[in-house]
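Thanks for making time, everyone. Have a look at the structure on the screen, and I'll walk you through a few places in it.

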Amino acid sequence: MNAILQCFCQIREFVSYFKYDNHINEAINNYSNKKKDSLTAFFKNIIDKIWPDKNIINKINISNHKVIESTKINMNPILKNKYSGAPKDLINFIIMTLHDELNQDLNDNKKNQIKNDLIKNNSQRKYAFKLFNQEYHRRFNSKINELFCAIKEIKTQCLNCANSFYNFQIYYLLIFPLEDIRKYALNKININDKNNKKCFKNTNQDFARSQKLNNNIINILDCFEYNRRTELLQGENQIFCNICEKMVDANHTSILLTAPKILIILFNRGIILQTQIKIEFSKELNITNYINNNFENNNIYKLIGIITYQGEFEKDGHFIAHCLSPIDNEWYTYNDAIV
């Protein structure tokens with residue numbers, strides 16, 4: 001929890017919002033008057049202690065870097081057993097709870113009811129997305145969604161009648177299962193190798209990549225390639241087709257239509273594979289090729305935070321945050337009591 005909170009508290013736009021936006025104080029007072037615990041107040045308290053200088057964006061003494069533990073703030077009343085301990089659950093809880101508390105359209109009683117019917121006509125997709133996007137940002141208007149929210153499209157194709165159906169989903173983070181990704185990337189290379197025997201350049205590149213994959217090294221772009229794969233739903237995973245009026249096998253594809261301003265990625269290693277797979281990545285990540293270009297493009301990210309796990313899994317290990325300071329552009333490691 002400390003590592004995740006520390007990463008949130010090093011995001012320039014996130015910190016500035018909590019320090020300077022009047023809507024923060026309004027939301028805190030609203031919950032205080034109702035005598036309710038507020039996650040917004042919790043973050044405001046932490047950020048003011050970590051970044052006490054009023055001119056945080058322009059100038060701050062680097063010695064003011066602090067660890068979350070030093071604030072001695074109890075988060076348990078806010079969680080109220082809603083957090084299972086999984087990182088994805090805590091991240092989703094933080095983003096969704098802050099959004100609910102800071103949503104500036106609180107008077108809209110139907111804010112949770114966005115029309116998102118299955119689209120049967122492919123030609124209607126772009127128009128349907130435009131309506132969904134406008135309606136979502138109208139009813140879910142908060143700085144939190146502006147920073148962390150994005151939209152993906154779910155395409156399901158019935159393999160019995162060949163009709164495709166589309167709808168949209170909101171996502172706050174991407175979860176990548178590393179062992180599945182390694183196998184998928186390796187299998188794709190093997191298929192390409194069989195189909196491109198005469199293309200020596202591609203074969204040599206694929207051979208080098210396959211060597212890395214066999215040595216349990218994947219590239220972060222392999223994760224995005226895996227994310228847009230088509231998955232076969234069959235057996236217990238069959239869907240009900242309204243046209244066929246029965247359970248059918250189907251192809252399922254998830255397509256990123258937009259990307260958030262702050263992109264959060266979680267790597268799922270599993271219990272057995274906790275230390276086996278390594279990930280290649282750079283300080284700049286360009287995922288433009290993995291966003292549907294009909295809707296949005298030019299998605300280039302700068303790395304600002306990493307959480308790593310040190311020690312043996314389920315024993316004496318713990319999580320550590322490595323964050324790029326929004327002030328001096330230097331990297332700091334936050335290891336509980338030590339910066």
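**The aromatic cluster**

Let's start with tyrosine 17: its relative accessibility is 6%, so it counts as buried, the cut-off being under 20%. Keep in mind throughout that this is a predicted model.

Who is the ring partner? Tyrosine 17 pairs with phenylalanine 18, edge-to-face, with 5.8 Å centre to centre and 80° between the planes. Phenylalanine 18 is buried too, at 0% relative accessible area.

Phenylalanine 18 also pairs with phenylalanine 14. Here the ring centres are 4.8 Å apart and the planes stand at 45°, so this pair is tilted. Both phenylalanines sit in helix H2, residues 12–20. They are four residues apart, about one turn of the helix. Phenylalanine 14 is buried as well.

Now widen the view. Ring pairs link Phe8, Phe14, Tyr17, Phe18, Phe42, Phe43 and Phe148 into a cluster. Across the whole structure, the search finds 15 aromatic pairs.

**Two lysines**

Next, lysine 44, in helix H4, residues 39–50. Buried or exposed? Buried, because its relative accessible area is 14% and the cut-off is under 20%. Leaving aside neighbours within four places in sequence, lysine 44 is in contact with Phe18, Lys19, Ile24, Asn25 and Ile28. Phe18 you have just met in the aromatic cluster.

Compare lysine 188, in helix H9, residues 178–195. Lysine 188 has 32% relative accessibility and counts as partly exposed. Which side chain does lysine 188 join through a polar contact of 2.8 Å? That of glutamate 225. Also, the C-alpha atoms of lysine 188 and aspartate 206 are separated by 9.7 Å, with their positions 18 residues apart along the chain.

**Helix H11**

Glutamate 225 takes us to helix H11, where it is one of the buried residues. H11 covers residues 220–227, and seven of its eight residues are buried, so the rest of the structure largely encloses it. Among the buried ones are Ile220, Cys223, Phe224 and Tyr226. Look at the start of H11. A side-chain oxygen of asparagine 219 comes within 2.9 Å of the backbone nitrogen of leucine 221.

**The strands**

On to the open sheet. Four strands make it up, in the order E2-E1-E8-E5, with antiparallel pairing. E2 (164–171) and E5 (230–233) stand at the edges with a single partner strand each, so one side of each has no neighbour in the sheet. On average, neighbouring strands are turned by 25° against each other, direction ignored.

How many bridges join E5 to E8, residues 250–256? Four. Leucine 233 has alanine 250 in E8 as its bridge partner. Helix H7, residues 125–139, packs on the sheet and touches E1 (150–158) and E2. The direction of H7 makes about 25° with that of E2.

There is also a parallel pairing: four bridges join E3, residues 174–177, to E9, residues 265–268. Proline 177 stands opposite asparagine 268. Side chains alternate along E3. Leu174 and Phe176 point to one face and are buried; Ile175 and Pro177 point to the other and are not.

**Confidence**

Last point. The chain has a mean pLDDT of 79, and 75% of its residues reach 70 or more. Over residues 57–71, though, pLDDT is below 50, while the model has 38 contacts for this stretch beyond near neighbours in sequence. Residues 107–111 also stay under 50, with eight contacts beyond four places in sequence. Where pLDDT is low, don't read the predicted coordinates in detail.

Definitions and conventions. Residues are numbered from 1 along each chain as its sequence is written. Side-chain values use heavy atoms; hydrogens and water are left out. Helices (H or I, at least four residues) and strands (E, at least two) are DSSP runs, numbered from the N terminus. Buried means under 20% relative accessible area, exposed over 50%, partly exposed in between (1.4 Å probe, protein chains only). Contact means heavy atoms within 4.5 Å. A polar contact is a pair of N or O atoms within 3.5 Å; within protein, one must be able to donate a hydrogen and the other to accept it, and residues adjacent in sequence count only if both atoms are side-chain atoms. Two strands pair if DSSP finds at least two bridges between them. pLDDT is the predictor's confidence in each residue, from 0 to 100. Axes are lines fitted to C-alpha atoms, for helices over the stretch in contact, and angles run from 0 to 180 degrees between N-to-C directions. Rings of Phe, Tyr and Trp (its six-membered ring) pair if their centres lie within 6.5 Å; planes under 30 degrees apart count as stacked, over 60 as edge-to-face and the rest as tilted.
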